[in-house]
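Dear colleague,

I am passing on the structure below, together with notes on what came out of it. Please look it over before reading further.

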Amino acid sequence: RQAAELAEQQQAWETTGARLRELEVERHKRDTERQQLSTMASEMGNKEIERQQVRDSHQAASAALAVLQTQLAEMDNRRRELADKTAEKAGLDAEQVRLRAEMDKIKDRLNKLVAESGQDCPLCGQPLTEEHRKNVERDLKAEGKQYGDQHRTNVAAIQALTNEIAALETALKRKVTLKKDRVTRQGIVVRAESRLQDIEKS
């Protein structure tokens with residue numbers, strides 16, 4: 001389920017990336033138009049057209065910046081999730097070692113029980129009747145099955161966590177690109193605000 005959610009989030013990021021590129025194209029187009037209109041405005045002594053173009057550029061950059069801020073905040077959540085998943089997997093890996101050791105112990109005890117031909121049980125020292133042998137063997141096998149079932153469950157959980165960790169690591173690699181895009185958009189916003197102030201003063 002989490003892998004599916006990550007896939008949905010990745011798709012959302014890709015969709016947002018496409019939207020950001022569209023905004024960049026629109027901004028570039030507006031900049032081109034603004035430059036052309038700026039020349040006309042200077043000749044006519046009218047700054048209103050340029051003012052509107054700069055405002056449009058500012059609005060587009062601000063919208064893109066808001067999207068990027070949201071994505072970067074989500075990246076922080078993904079980083080925390082990655083740390084949690086990594087710790088959970090490490091815990092399961094350690095438990096697998098313990099379970100394997102327990103299963104080996106049970107196997108060793110079963111071997112001793114089967115190999116014993118004397119009168120006393122090699123595990124508890126009680127008289128080794130056929131009934132006692134069967135009871136101990138049954139109990140050991142039941143205990144071994146319990147460990148084995150848990151071990152197999154852990155194998156599946158570890159595989160799922162491994163996939164989720166890989167998906168999270170891939171998603172987090174986009175953070176550097178998002179940060180660069182944020183700096184670019186912030187620069188556009190600042191320049192637009194500065195230009196608007198200049199227009200108002202002129």
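In which kind of crossing, left-handed or right-handed, does α2 pass α3? The crossing of α2 past α3 is left-handed, a term that applies if the near helix is turned anticlockwise from the far one by less than a right angle, whereas clockwise would make it right-handed.

Before the details, please keep in mind that this is a predicted model, in which local features need pLDDT of at least 70 and side-chain atom pairs count only at pLDDT 80 or more, while totals for chains, interfaces and linings use all residues. Residues are numbered from 1 along each chain as its sequence is written, and side-chain values use heavy atoms, with hydrogens and water left out.

The protein chain has 4 helices and 0 strands, where helices (H or I, at least four residues) and strands (E, at least two) are DSSP runs numbered from the N terminus. Of the 202 residues in the protein chain, 31% are buried (under 20% relative accessible area, with exposed meaning over 50% and partly exposed in between, for a 1.4 Å probe and protein chains only).

To return to the helix pair, α2 and helix α3 (residues 130–172) pack with their axes 8 Å apart and at an angle of about 160 degrees; the axes are lines fitted to C-alpha atoms, for helices over the stretch in contact, and angles run from 0 to 180 degrees between N-to-C directions. The angle therefore makes α2 roughly antiparallel to α3 (over 145 degrees, against under 35 for roughly parallel, 65 to 115 for roughly perpendicular and the rest for oblique).

Helix α2 (residues 48–115) also meets helix α4 (residues 175–201), their axes coming within 8 Å and crossing at roughly 155 degrees, so that α2 and α4 are likewise roughly antiparallel to each other. Here too α2 passes α4 in a left-handed crossing.

As for α4 itself, its 27 residues should span 39 Å, and its end C-alpha atoms are 39 Å apart, which agrees; the expected span is 1.5 Å times one less than the number of residues. Among the buried residues of α4 are Leu-178, Ile-188, Val-189 and Leu-196, and also Lys-175 and Arg-185.

Finally, the count comes to 0 disulfides, a disulfide being a pair of cysteine sulfur atoms within 2.5 Å. The sulfur of Cys-124 is 3.6 Å from the closest cysteine sulfur, in Cys-121, which is too far for a bond. Cys-121 counts as buried at 4% relative accessibility, whereas Cys-124, with a relative accessible area of 42%, is partly exposed.

With best wishes
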